[in-house]
Amino acid sequence: MRHAERHRTDRIGWLRAAVLGANDGIVSTASLVLGVAAAGADSKAVLVAGVAGLVAGAMSMAAGEYVSVSSQSDTEQADLARETAELANAPQQEQAELAEIYVRRGLEPGLASTVASQLMKHDALGAHARDELGISDTSTARPIQAALASATTFSVGAALPLFIVLLSPASMLMWAVPASALLFLALLGSIAAKAGGSGVLKAATRVTFWGALAMALTAGVGALFGVAA
């Protein structure tokens with residue numbers, strides 16, 4: 001009988017960027033709003049600061065993800081080019097190297113040599129990329145995907161605290177924003193855990209703890225400067 005398995009490692013690239021973007025959008029915008037509100041600013045100033053934080057944060061996330069993941073992609077491409085040259089110049093040595101990798105993983109030398117030979121005939125570069133360099137279709141760098149995922153989810157995450165600012169009276173901002181942000185973070189952690197197939201409670205607790213800490217510190221700084229002013 002065919003054994004059906006459902007793996008989620010193919011989601012690692014976009015899921016990491018999406019969770020990072022949404023989490024940063026909620027935490028940074030809610031923290032910014034709290035900091036400005038704690039300093040004594042009115043609702044309009046708080047909203048303007050929040051919108052500016054959304055736009056700046058989304059662009060920063062997109063640029064940062066694109067640059068960092070592009071650096072990873074450049075390194076992968078350079079390694080693949082080097083491996084291609086080595087396969088062309090010394091195929092026997094490369095086959096022996098591949099066989100040695102399989103021996104270290106537990107295959108007998110004769111079987112390892114046979115496996116390496118067959119894989120080299122089928123797709124030499126693919127075999128070395130996967131087993132020597134650790135590059136595969138599921139883990140390869142995708143800069144544009146990462147940039148778009150982070151910017152989009154940051155914007156969505158940042159918009160949530162701003163809706164609370166629009167809907168709440170000024171006197172309630174210091175309570176409504178952090179309470180709703182923690183709720184949004186717990187929901188984000190749960191959704192990310194579901195998508196990745198991991199534990200929901202652990203993920204939700206993790207994001208809410210760090211979000212609460214960030215908001216508390218920022219509100220404290222805002223209150224300190226507000227009093228000083």
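**Entry 1: a residue in helix 6**

Leaving aside its neighbours within four places in sequence, with which residues is L185 in contact? I looked this up in a model that is predicted. I found L185 in helix 6, which covers residues 173-196. Outside those sequence neighbours, L185 is in contact with N23, I26, V27, V207, T208 and G211. I then took one of these partners, V207, and checked its separation from L185. The two residues stand 22 residues apart in sequence, and their C-alpha atoms are 6.0 Å apart in space.

Is L185 buried or exposed? I noted a relative accessibility of 0% for L185, and because buried means under 20%, L185 counts as buried.

**Entry 2: a residue in helix 1**

I turned next to S31, which is found in helix 1, residues 12-38. I read a relative accessibility of 5% for S31, so this residue also counts as buried. Which residues does S31 contact, once its neighbours within four places in sequence are left aside? I recorded A214, M215 and T218.

**Entry 3: the chain as a whole**

I stepped back to the whole chain. How many helices and how many strands does the chain have? I counted 7 helices and 0 strands. Read from the N terminus, the order of elements is α-α-α-α-α-α-α.

I then looked up burial for the chain. It has 229 residues, and 37% of them count as buried. The accessible surface of the chain comes to about 13,200 Å². Carbon and sulfur atoms hold 66% of that surface.

For contacts in the chain with a separation of 6 or more, I noted that 75% are accounted for by residues 24 or more positions apart.

**Entry 4: helix 3 against helix 4**

I went on to pairs of helices. Two packed helices are described by the angle between their axes and by the distance between those axes.

Helix 3 spans residues 91-104 and helix 4 spans residues 109-131. I found that they pack at an angle of about 110°, with their axes 8 Å apart. That angle makes helix 3 roughly perpendicular to helix 4. Helix 3 passes helix 4 in a right-handed crossing.

Which residues of the two helices meet? From helix 3 I listed P91, E94, Q95, L98, A99, I101, Y102 and V103. From helix 4 I listed P109, A112, S113, V115, A116, S117, L119, M120, A127, H128 and D131. Sorted by class, this contact has 13 nonpolar, 4 polar and 2 charged residues.

**Entry 5: helix 2 against helix 4**

I then examined helix 2 with helix 4. Their axes come within 9 Å and cross at roughly 145°. The crossing of helix 2 and helix 4 is right-handed. Helix 2 contributes L80, E83, T84 and L87 to the contact, and helix 4 contributes M120, A124, L125, H128 and A129. I noted the classes in this contact as 6 nonpolar, 2 polar and 1 charged.

M120 and H128 of helix 4 appear in this list, and they were also in my list for helix 3 with helix 4.

**Entry 6: helix 2 against helix 5**

Last, I took helix 2, residues 43-89, with helix 5, residues 143-167. How do the axes of these two helices cross? They cross at roughly 165° and come within 8 Å. Helix 2 and helix 5 are therefore roughly antiparallel to each other. Helix 2 passes helix 5 in a right-handed crossing. The residues of this contact divide into 20 nonpolar, 8 polar and 1 charged.

Terms used: Residues numbered from 1 in each chain as written. Predicted model: local features only at pLDDT ≥ 70, side-chain atom pairs only at ≥ 80, totals over all residues. Heavy atoms only, no water. Axes fitted to C-alpha atoms, helices over the stretch in contact; angles between N-to-C directions. Helix = DSSP H or I, 4+ residues; strand = E, 2+ residues; numbered from the N terminus. Parallel < 35°, antiparallel > 145°, perpendicular 65-115°, else oblique. Left-handed = near helix turned anticlockwise from the far one by under 90°. Contact = heavy atoms within 4.5 Å. Nonpolar A, V, L, I, M, F, W, Y, C, P; charged D, E, K, R; others polar. Buried < 20%, exposed > 50% of the residue type's maximum accessible area, 1.4 Å probe, protein only. Areas by Shrake-Rupley, 256 points an atom, 1.4 Å probe, with all protein chains shown as cover.
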